[in-house]
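Reader: I have a structure open and would like some help reading it. May I ask you a few short questions?
Author: Certainly; please show it to me.

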Amino acid sequence: MRAIRQWVLFTFFFTFIVIIAGGIVRTTQSGMGCPDWPTCFGRWIPPTNASQLPPDFEKYLKKQDIDHTFNVFHTWTEYINRLVGELLGVFALIQCWLLFRKRKELPVPYKLAAAYLITVVLTGLFGGAVVLLNLAHLSITVHLLFAIILLQIQLALMLSLQSRLFIVPVDTKMKKLFLFLLAVLFIQAVFGTGVRMYVDDVSKTLHYEQRETWLAAKPVSFYIHRSFSWVVLLTTIFAAWYSRNIQALRNKLLALSVIITMSMITGIVLYYADMPAVAQPIHLFLASCAITLTVSIILQTNSRRTV
């Protein structure tokens, strides 16, 4: 059981790595570095220079959205992202096999492991759809949603395997407050998606140059996302104050407040420092951490009893 729990924990953290890798692909404009799927320029191992391109390479390059030339950095950034995703699939398969052997004594963890494996496969397949749809806005959003769902399934699996899971009894109002906080985080994520779509459109027309102008027009979605971040932070602070007498929850909610504050800081950096590429995956990572930590709080509280 210890080995299984360690494997599940490792897979949980590796899921974050996969999300970060996807964020790097987006921020470096490498999404169409491999313009076909599941191969890359018709090969299982992509070329490292233009001389290795296939004779019909033009049919691949015309799908790209920048300058329709071969860029080895973009190609291998996207290819490594695919390899990381495939590696996660291997980890998910091993995880499911480990729990399949103990499915009678651990039925819930096994079902969660199977659900995780299925979701990993669907995420990979939809990653192919993102390429086939040439990075359509909706396809990118759904692909990210799959990744967030993966984190929550793996979190539930990890908690279900804890031999002494500490369930915190809370009153109904507190439980509803945590659910409201999760809803607020998801709403903020939707607003953030709107900003990302706008930035994608502007940056594409500028051939991904002049980063200082990507948010110069300040769309409505930007103002909403920026203002709503205070709603998220204040709701979190209130939840931390409301549960101040419960040590286990107080520490988690204080950590969540720090994460959300750091996310707001990276948002400020993105706007005032001309959209530095390094800040974008950090912003996405912090948002993923905030949602996952909130789900963890919800899963570890029980409103059937009062404090």
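Reader: To begin with the link of C34 and C40, is it left-handed or right-handed?
Author: The link of C34 and C40 is left-handed, with -85 degrees about the S-S bond. Please keep in mind that this is a predicted model.

Reader: What does a disulfide consist of, in general?
Author: A disulfide is a covalent bond between the sulfur atoms of two cysteines.

Reader: How many disulfides does the structure hold?
Author: The structure holds 1 disulfide. In that link, C34 is joined to C40, and the S to S distance is 2.1 Å.

Reader: Are C34 and C40 buried or exposed?
Author: Both C34 and C40 are buried.

Reader: What about C96, buried or exposed?
Author: C96 has a relative accessible area of 12%, and buried means under 20%, so C96 counts as buried. For C289 the value is 15%, so C289 is buried by the cut-off of under 20% as well.

Reader: Let us turn to the interior. How many residues has the largest nonpolar core?
Author: The largest nonpolar core has 46 residues. Among those with the most contacts inside this core are L99, F178 and I260.

Reader: Which helices supply at least two residues each?
Author: The helices that do so are α1 (2-27), α3 (72-100), α5 (137-160), α6 (172-205), α7 (220-242), α8 (247-272) and α9 (279-299). Of these, α9 gives the most to this core, with 8 residues.

Reader: Which residues does L99 touch?
Author: Leaving aside residues up to four places away in sequence, L99 touches I4, L106, P109, Y110, A113, L157 and L161.

Reader: And which residues are found in the other core?
Author: Apart from the largest core lies another core of 12 residues, including V18, F91, C96 and V120.

Reader: Now T27, please. Where is its place, and is T27 buried or exposed?
Author: T27 has its place in helix α1. Its relative accessibility is 7%, and the cut-off for buried is under 20%, so T27 counts as buried.

Reader: What does T27 touch?
Author: Not counting residues up to four places away in sequence, T27 touches R211, A277, Q280 and P281.

Reader: One last topic, the surface. Which residues form a nonpolar patch there?
Author: W37, I118, V121, L122 and L125 form a nonpolar patch on the surface. Together they have about 460 Å² of accessible area.

Reader: In which helix is L125 found?
Author: L125 is found in helix α4, which comprises residues 107-132.

How values were computed
Residues numbered from 1 in each chain as written. Predicted model: local features only at pLDDT ≥ 70, side-chain atom pairs only at ≥ 80, totals over all residues. Heavy atoms only, no water. Core = buried A, V, L, I, M, F, W, Y, C linked by side-chain atoms within 4.5 Å. Buried < 20%, exposed > 50% of the residue type's maximum accessible area, 1.4 Å probe, protein only. Helix = DSSP H or I, 4+ residues; strand = E, 2+ residues; numbered from the N terminus. Contact = heavy atoms within 4.5 Å. Patch = residues over 30% accessible without salt bridge, like charges linked within 9 Å, V, L, I, M, F, W, Y side chains within 5 Å. Areas by Shrake-Rupley, 256 points an atom, 1.4 Å probe, with all protein chains shown as cover. Salt bridge = Lys/Arg side-chain N within 4 Å of Asp/Glu carboxyl O. Disulfide = S-S within 2.5 Å.
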